[in-house]
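Here is a friendly walk through one protein model, taken a piece at a time. Keep the 3D view open while you read.

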Amino acid sequence: MKPNPNPTNRPTFLIADIHLQPDDAHPINQAFHQFLTTHAQQAAALYILGDCFEMWVGDDVGCKVYGKTLSLFKELTAKGLPIYMMFGNRDFLMRQRFWQITGISHIKEPGLVKIGDFSALICHGDGLCTDDIEFQKMRKILRHPIITWLFLRLPQKKRISIGEGMRAKSQKYNLNKAENIMDVNQQAVEALFDAHPGVTHLIHGHTHRAAHHTYELNSQTFHRWVLGDWRPEMQYLKIQNGEASLHSWSPFG
């Protein structure tokens, strides 16, 4: 279990699905940069549970395209703010250069974190959407070590072209998909809790449906916290004094 390294009473923030665009003038990028220079400055720790970037096709491309964001990350970690990040379904190709440049620590999923008196499982959430069989098949293929090794050795232009094509195909595919298929499967959630006895909170993103779900099982109450995306306003989970709460914030009023 990874403890929050800062014992102060400052809040810990958990976010996901920012989907930063390759244009710093984009409203999402501007909002995120403001978040890093305001909220994050006051935090004890920051957890990013996947899909921080809309697309990441290798450190050689991403570290240039998102240079301003990476610089802000480095400023925060250099000042002592612990930042933890796990892969999402859009940005699972970060490698050593990214972690070195930013000072961010990589967390594998599912992670088990302890923030003061609050313990929780954390994951991106795409692995829990088991009803979407086609997505799970593609997820398994794309994350295979041989496939990622081969992809990262393609020319930059080819990788960018493939990434943009897959993004467009995914958006079109999701438009024709039933809403319930794109949500997490309850049995998958329960299996995750069963594998980690004693933990009653799960925090994830991916579905973009910010909510706090509860259910009862064997006289215990289990909590599933879903992080929202950043369209049109910022969604985040705050943990402070042993309690979790969902919040929205817009830097544009």
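## A charged corner to start with

Which residue forms a salt bridge with Asp 126, with the closest N and O atoms 3.4 Å apart? That partner is Arg 143. Asp 126 sits in the loop between S7 and H5, while Arg 143 is in the loop between H5 and helix H6 (145-151), so this pair ties together parts that are 17 residues apart in sequence. Before going further, note that you're looking at a predicted model.

Asp 126 has another salt bridge to offer, this one with Arg 139, where the closest N and O atoms are 2.8 Å apart. Arg 139 belongs to helix H5 (133-142) and Asp 126 to the loop between strand S7 (118-123) and that helix, so here the parts being tied together are 13 residues apart in sequence. How covered up are these residues? Asp 126 counts as buried because its relative accessibility is 0%, and the cut-off for buried is under 20%. Arg 143, on the other hand, is partly exposed, at 26% relative accessible area. Step back a little and you'll find Glu 109 in the picture too: Glu 109, Asp 126, Arg 139 and Arg 143 are linked in a network of salt bridges.

## Glu 54 and its two arginines

The model has nine salt bridges in total. One of them joins Glu 54 to Arg 167, with 3.7 Å between the closest N and O atoms. Glu 54 lies in the loop between strand S3 (45-49) and helix H2 (59-65), and Arg 167 lies in helix H7 (residues 156-175), so the pair ties together parts that are 113 residues apart in sequence. Glu 54 is buried, with just 6% relative accessible area, whereas Arg 167 is partly exposed at 23%.

Now look for Arg 90, in the loop between strand S4 (83-86) and helix H4 (96-102). Its side chain and that of Glu 54 are joined by a polar contact of 2.7 Å. Arg 90 is buried, at 19% relative accessibility. Leaving out residues up to four places away in sequence, Arg 90 touches a whole group of residues, including His 19, Asp 51, Trp 56, Ser 170 and Gln 171, and Arg 167 is among them as well.

## The six-stranded sheet

Next, the strands. Six of them make an open sheet in the order S5-S4-S3-S2-S11-S12, with mixed pairing. The edges are strand S5 (105-106) and S12, each of which pairs on one side only. Within the sheet, strand S2 (residues 12-15) and S3 pair in the parallel sense over four bridges, and Ile 15 stands opposite Ile 48 in S3.

Strand S11 (residues 234-240) and strand S12 (residues 243-249) go the other way: they pair in the antiparallel sense over seven bridges. Gln 240 stands opposite Glu 243 in S12. This hairpin has two residues between the strands, and Asn 241 takes a positive phi near 55° there.

## What helix H1 packs against

Helix H1 (residues 27-37) has a set of buried residues: Ile 28, Asn 29, Ala 31, Phe 32, His 33, Phe 35 and Leu 36. What do they pack against? Their packing partners are S2, S3, helix H3 (67-78), S11 and S12.

## A buried asparagine

Asn 185 is found in the loop between H7 and helix H8 (186-194). Is Asn 185 buried or exposed? Asn 185 is buried, with a relative accessible area of 11%. Its side chain reaches the backbone nitrogen of Gln 187 at 2.8 Å. Setting aside neighbours within four places in sequence, Asn 185 is in contact with Leu 128, Thr 130 and Asp 131. Asn 185 and Asp 132 are 53 residues apart in sequence, yet their C-alpha atoms are 9.4 Å apart in space.

## A nonpolar patch outside

Finish on the surface. Met 138, Ile 141, Ile 147 and Met 166 form a nonpolar patch there, with about 330 Å² of accessible area together. Of these, Met 166 lies in helix H7 and counts as partly exposed, at 38% relative accessibility.

Conventions: Residues are numbered from 1 along each chain as its sequence is written. This is a predicted model: local features need pLDDT of at least 70, side-chain atom pairs count only at pLDDT 80 or more; totals for chains, interfaces and linings use all residues. Side-chain values use heavy atoms; hydrogens and water are left out. A salt bridge is a side-chain nitrogen of Lys or Arg within 4 Å of a carboxyl oxygen of Asp or Glu. Buried means under 20% relative accessible area, exposed over 50%, partly exposed in between (1.4 Å probe, protein chains only). Two strands pair if DSSP finds at least two bridges between them. A polar contact is a pair of N or O atoms within 3.5 Å; within protein, one must be able to donate a hydrogen and the other to accept it, and residues adjacent in sequence count only if both atoms are side-chain atoms. Contact means heavy atoms within 4.5 Å. Patches are made of residues with over 30% relative accessible area and no salt bridge: like charges are joined within 9 Å, nonpolar side chains (Val, Leu, Ile, Met, Phe, Trp, Tyr) within 5 Å. Accessible areas come from the Shrake-Rupley method with a 1.4 Å probe; for residues, only the protein chains shown count as cover.
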